[in-house]
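Q: Please take a close look at the sheet in this structure, and walk me through how its strands are arranged and what packs against them.

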Amino acid sequence: MTCTKKGAHYCEPRADRTVAFYCELLVHTKGAHARKRFGLAGWQEHEIVRPIFGEVVYSTEWGCYVRRYRIATIVLGRKNGKSGLLSGAALYLLVGDDEESAEVYGAAKDTKQAGKVFEPALRMVQLSPTLNRRLKHLKNNRRLVDERTASYYEVIPADAQGELGHNPHGVILDEVLSQPDDSLWNALRTAAGARLQPLFLCITTETNQPISFGASFIDEADRVMEDPSRAPHQFAYVRKLPRSDDELERLHRIFPGHPDLPVTTDAYDERNWKWANPALDDFLSREALRQEALEAKNDKTKDNAFRQFRANQRVQTTSRYISLDLWDACTGEVAPSPEWMLPRIEGRRCWGGLDLSSKLDLTSWCLHFDNGWTWWRHWAPESVVPLLDEHTGGQFSQWAAAGWVTLTDGDVIDYDRIYDDVAEDNDRFRIVDVTYDKWSGEPARQAIEKRTNLVMFESNTTYERMTSPMRELARLLKAGDGDFFHGGNPLVRWMADSLQAKSPADDPDRVRPVKPDRDRQAARIDGMVTLLYGIDGRHRGGTAESIYETRGLTVL
C-alpha cells in the first residue's frame with residue numbers, strides 16, 4: 001500500500017484497495033441493480049475514485065506519503081449514481097482508510113435532508129455481511145460506529161454547527177447547492193488540521209442562484225478543472241453542458257479528444273447529454289431523458305428544470321429582468337476594489353443617483369459617467385451584516401472587507417458619513433445633477449445641498465419614472481457597444497441578479513410599462529435603482545423630465 005519512490009504521484013495499490021472495497025463489499029441498494037455487486041462504472045473508477053484515492057504526495061511534515069487531494073468536488077446532472085458513490089466513500093473513510101478514531105461526517109441542509117444522506121450508507125451496511133458484522137448502528141443518533149478503531153460516521157445538518165466534532169477525517173457534502181451559506185463548510189474545514197490525510201468530498205448539481213455559496217463553490221471547482229495548478233490539493237470533476245460557443249471551445253481545449261464531449265450548445269441534442277450525464281445508457285435511462293426533454297420543449301415552464309438538473313447548466317428564472325450573461329459582458333476591466341476605478345473617472349462628467357434606505361438597511365449612491373463607466377458607494381450599519389450574509393451565502397461580509405460597502409458603527413446607519421462621502425465625490429467628479437427617491441430622500445436633499453452645490457432632482461420607482469430608464473438599461477446591456485461598464489462590482493452583481501420587473505395587470509394599451517419590484521424582503525436592489533436614476537439623469541437633457549418623455553418616444 002505504501003509508495004517507495006519519493007515524488008511519486010500515483011499509488012496503484014491505494015487505488016486498487018479502494019476500488020476493491022466498492023466492488024467486493026458493497027451492493028446497490030435501489031432500482032433494477034438492488035442487491036447486486038457494486039461494480040464501479042468506467043468513468044466512476046478511472047475518472048473519480050482512482051485519482052482521488054490513488055494520487056499521493058510526499059509530506060515532509062508527516063514523513064510519509066499522503067493523499068494529494070484534500071477537497072474533491074463533483075458536479076453532475078441528477079440521477080448519475082452520486083448517492084452510491086458518496087455512501088461508499090463514507091464507509092471506506094470509516095473502516096478502510098487505516099485511520100484510528102476516524103470521524104466522518106455527512107453534511108446536509110437540514111435534519112430531513114440529513115436522513116436522505118445517511119440512509120443509503122446504512123442500507124449498504126445492512127446488505128453487506130462483512131460490514132454488518134463490524135459496524136453498529138445507533139439509530140437515535142443516526143450514527144454508524146466501528147468499535148474496533150473507535151471511529152464513527154454520522155450526518156449533521158447545517159443548523160447543528162455547535163455540536164460538531166473537532167477533528168474530522170472525512171466530510172461528505174451532498175448537494176452543495178442546497179447549503180444556505182458557508183457556515184457549516186467553514187466549521188468543518190477549519191477543524192481538520194490535525195488529521196494525516198483528511199478528505200472533503202462534495203457532490204452537487206448546478207445551482208440556479210448565481211449569488212450563493214453553491215455558485216461560488218462550483219465556480220471554484222470549474223477554475224481548478226481548467227488550471228489544476230491553481231489549487232493542487234483540490235480535485236474537480238465538472239460536467240456541465242456549455243451555454244455558448246466560447247464555453248464549448250473551452251471544453252474541447254481542456255479535454256481534447258474526450259469521447260463524451262458535447263458537439264453543440266443545444267441542451268436538447270442527444271449527442272450532448274453524455275457529458276453532463278456520464279451514467280447515461282448504464283444506470284440512467286436515455287428514454288427517460290427523452291421523455292423529459294419532450295415535455296420541456298413543449299412546456300417552457302419545465303425548460304429551466306431540464307437545463308439545470310439534466311444539462312447541469314446554471315439557469316435564471318424567467319422573472320429576472322437582467323441576464324447575468326449580458327451583465328458580465330459589460331464588466332469592462334475587472335476592478336479588484338472601488339479605488340481601482342478612480343483614475344479612469346476622476347474629474348469626469350457624471351450623473352448621480354441616491355437611494356436612501358431606512359436606518360437599518362443598505363443605502364446606495366451611484367455615479368454614471370460620460371465615458372460609460374459606472375461607480376457605486378454603499379453604506380450599511382454593522383448590525384445588518386448577519387442578515388445579508390444569510391442572503392448572499394456569507395459573501396456580504398467579504399464584500400464589506402474588500403471595500404465594496406462601508407459599514408458604520410452600531411445598529412443604525414450614519415447619515416453624516418453618507419453626506420461627507422457625497423461631498424467628497426462632488427469635489428472629485430463633475431456631477432451634473434443627482435436624482436433621488438422622494439419617498440425617503442427629502443432630509444437627505446436638504447443636508448446635501450447645504451454641504452454642496454449639487455442640483456437635486458426628485459424621482460421615485462413608479463411606472464411613470466422607471467419605464468424609460470429600465471428600457472434604456474436593457475438596451476445598453478444588449479448593445480454592448482462600450483456605452484456602459486461596471487467593473488464587476490460583486491455587490492451590485494448580486495443586486496442585478498435580484499432585479500425583477502413589475503408590469504400592471506391591466507395594460508389595455510399594451511405598452512408594457514415596467515418598474516423594479518421592491519416587494520421581496522430578501523432581495524436588495526438599491527444599487528440597481530440608483531443606476532436607473534443615473535441613466536435617467538444622463539438622458540434628461542438638463543430638465544427634470546426624462547429624455548424619452550421630451551422626445552415623445554414610445555416605450556415598447
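**The sheet and the helices packed on it**

A: In this predicted model, eight strands come together as an open sheet with mixed pairing, and their order across the sheet is β5-β6-β7-β4-β8-β9-β3-β10. The edges are taken by β5 (135-138) and β10 (234-238), each of which has a single partner strand, so one side of each remains without a neighbour in the sheet. From one strand to the next, the twist averages 15 degrees.

Within this order, strand β4 (residues 103-108) and strand β8 (residues 170-174) run parallel and are joined by four bridges, and Val104 is found opposite Gly170 in β8. Helix α3 (residues 82-95) lies across β3 (71-75), β4, β5, β6 (143-146), β7 (151-157), β8 and β9 (199-204), and its direction is at about 165 degrees to that of β8. Helix α7 also packs on the sheet, where it touches β3, β9 and β10, and its direction makes about 100 degrees with that of β10.

From α7 the picture can be carried on to helix α8 (residues 245-254), in which Leu248, Arg250 and Leu251 are buried. These residues cover an arc of only 160 degrees around the axis, which means that they lie on the same side of α8. The cover over the buried residues of α8 includes α7 (213-226) as well as α9 (273-276), whereas Asp245, Asp246, Glu249 and Arg253, on the other side of α8, are exposed.

Technical notes:
Residues are numbered from 1 along each chain as its sequence is written. This is a predicted model: local features need pLDDT of at least 70, side-chain atom pairs count only at pLDDT 80 or more; totals for chains, interfaces and linings use all residues. Side-chain values use heavy atoms; hydrogens and water are left out. Buried means under 20% relative accessible area, exposed over 50%, partly exposed in between (1.4 Å probe, protein chains only). Helices (H or I, at least four residues) and strands (E, at least two) are DSSP runs, numbered from the N terminus. The arc is that of the directions from the helix axis to the C-beta atoms. Contact means heavy atoms within 4.5 Å. Two strands pair if DSSP finds at least two bridges between them. Axes are lines fitted to C-alpha atoms, for helices over the stretch in contact, and angles run from 0 to 180 degrees between N-to-C directions.
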